[in-house]
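Let's take a tour of a protein and see what its cysteines are up to. Have the sequence and the 3D view ready as you read.

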Amino acid sequence: MAYNFSQMNSFFFFLLFVFCFNFSDAQKVPAMYVFGDSLVDVGNNNYLKISLAKADFRHNGIDFPGGTPTGRFSNGKNAADFIAEKVGFVASPPPYLSLVSKSSNSDAFPITGVSFASGGAGIFDGTDELFKQSIPLNRQVVHYTTVYDDLVQQLGSSAAQVHLSKSLFTVVIGSNDMFEFFKSDSDLAKRTTPQQYVDSMVLALKRVLKRMHYFGARKYVITGIGAVGCCPSQRNQTTEECNEEANTWSVKYNEGLKTMLQGLKSELKGMEYSYVDVYKVFARFIETPSTYGFTEVKSACCGLGNLKAQIPCVPISTYCFNRRNHVFWDLYHPTEAAARIFVDTVFYGTQPFAIPMNVNQLITA
Ligand SMILES: *[C@@H]1O[C@H](CO)[C@@H](O)[C@H](O)[C@H]1NC(C)=O
């Protein structure tokens, strides 16, 4: 069968149209930079020798493409992957330490972004003492400045500023600082009131966001703290009820964070942000699980002991058959299913889940 020229031509234009459409649709921002803790770590901690906050062993990754552990604290993908996918990337940007540990360090950093997130990290440098070793937020920003310098080298200063001003800066942090405060033998709780503590968390984060702005950041995706008192590790081992004190102070922190962001926007030129309320989304999962396809909101999927929260998800632990109906993968972290629904909710979502705009609106802002 022969096509005439005109048929060929329209077919060619059809292909061109499909290609161009997909291309422009594929990548909505020039780059994504990810900062934070184990909720978004995609493998930085694999490069830390003595850290206890590691997930580079089974049963982590059991539902990840290839079924292998990657360092993600999840049965599959995490929130960083899903945000990246929605923005049009194939996956989360690569871990910073995977790039700098390559033998040939002549390679420039990928122009599409880098992930600095590290399991166990907190807003405060001391928070990671709980896990022996992690990359605290302040250190993550130091790593970012290296990438920034490289970008200026690659593109020149003004093109780098334009590039960064359109890029997403995702910051998922604070849960570990909260865990540190509410752990049973906490010295912090003796030295400071919870209100002082959450206020100082907000203030410390504000300084970090200003520093990022100084190094070109304009569009921030900032998450609050989730309902940490309801994660399997924090539930009362006897009654299985949520730790209401931890939840109350997570909400107070989130309120302080929202107020701070509002003020910061008027302070920092060109700043736009989407505040993402993890707490409200996860509270919905726990209150009306069936709406989201969940049947198990208390117990972890992988671990040992009551609520599978007495021993973490390590190779000797058992894991549930149905990962789709569990909110929690292990004693601290959500399943891939919960992370996916969370990102769906905040990417195109409305208030109170995303304030003052959702992530998709932030991209075009
Ligand atoms: C768990 O609940 C029991 C029964 O209400 C209570 O006696 C105990 O103090 C609680 N434990 C914690 C850690 O809150």
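## The big picture

The protein's accessible surface adds up to about 16400 Å², and 57% of that belongs to carbon and sulfur atoms. Accessible areas here come from the Shrake-Rupley method with a 1.4 Å probe, and for residues only the protein chains shown count as cover. Keep in mind that this is a predicted model: local features need pLDDT of at least 70, side-chain atom pairs count only at pLDDT 80 or more, and totals for chains, interfaces and linings use all residues. Residues are numbered from 1 along each chain as its sequence is written, and side-chain values use heavy atoms, with hydrogens and water left out.

Of the 365 residues, 54% count as buried. Buried means under 20% relative accessible area, exposed means over 50%, and partly exposed is in between (1.4 Å probe, protein chains only). As for secondary structure, there are 12 helices and 9 strands; these are DSSP runs numbered from the N terminus, with helices (H or I) having at least four residues and strands (E) at least two.

## What sits inside

Take the contacts (heavy atoms within 4.5 Å). Among those between residues at least 6 apart in sequence, 70% join residues at least 24 apart.

The largest nonpolar core has 102 residues. A nonpolar core is a set of buried Ala, Val, Leu, Ile, Met, Phe, Trp, Tyr and Cys residues joined through side-chain atoms within 4.5 Å. Tyr33, Phe35, Leu205, Leu209, Tyr220 and Tyr253 have the most contacts inside this core. Helix H8 (residues 194-214) gives the core its largest share, 9 residues. Leaving out residues up to four places away in sequence, Tyr220 touches ten others you can look up, including Phe169, Leu209, Met212 and Leu362.

## The first disulfide

How many disulfides does the structure hold? The count is 3, where a disulfide is a pair of cysteine sulfur atoms within 2.5 Å. In general, a disulfide is a covalent bond between the sulfur atoms of two cysteines.

One of them joins Cys230 to Cys242, with 2.2 Å from S to S. Both cysteines sit in the loop between strand S3 (219-223) and helix H9 (244-267), 12 residues apart. The torsion about their S-S bond is about 110°, so this disulfide is right-handed. Cys230 and Cys242 are buried.

## Two more, and a little core

Cys301 and Cys320 also pair up, their sulfur atoms 2.1 Å apart. Cys301 lies in the loop between strands S5 (296-300) and S6 (302-303), while Cys320 lies in the loop between strands S7 (318-319) and S8 (326-328), so the link ties together parts 19 residues apart in sequence. Here the S-S torsion is about -105°, so the disulfide is left-handed. Cys301 is buried at 0% relative accessibility, and Cys320 is buried at 11%.

Cys302 bonds to Cys313, again with an S to S distance of 2.1 Å. This link is right-handed, with 75° about the S-S bond. Cys302 is in strand S6 and Cys313 in the loop between S6 and S7, so parts 11 residues apart in sequence are tied together. Cys301, Cys302, Cys313 and Cys320 belong to a second, separate core of 5 residues.

## The pattern, and one left over

Count the bonded cysteines along the chain and the disulfides follow the pattern 1-2, 3-6, 4-5.

Why does Cys231 have no bond? Its closest cysteine sulfur, in Cys230, is 8.3 Å away, which is too far for a bond. Cys231 is buried too, with a relative accessible area of 3%.
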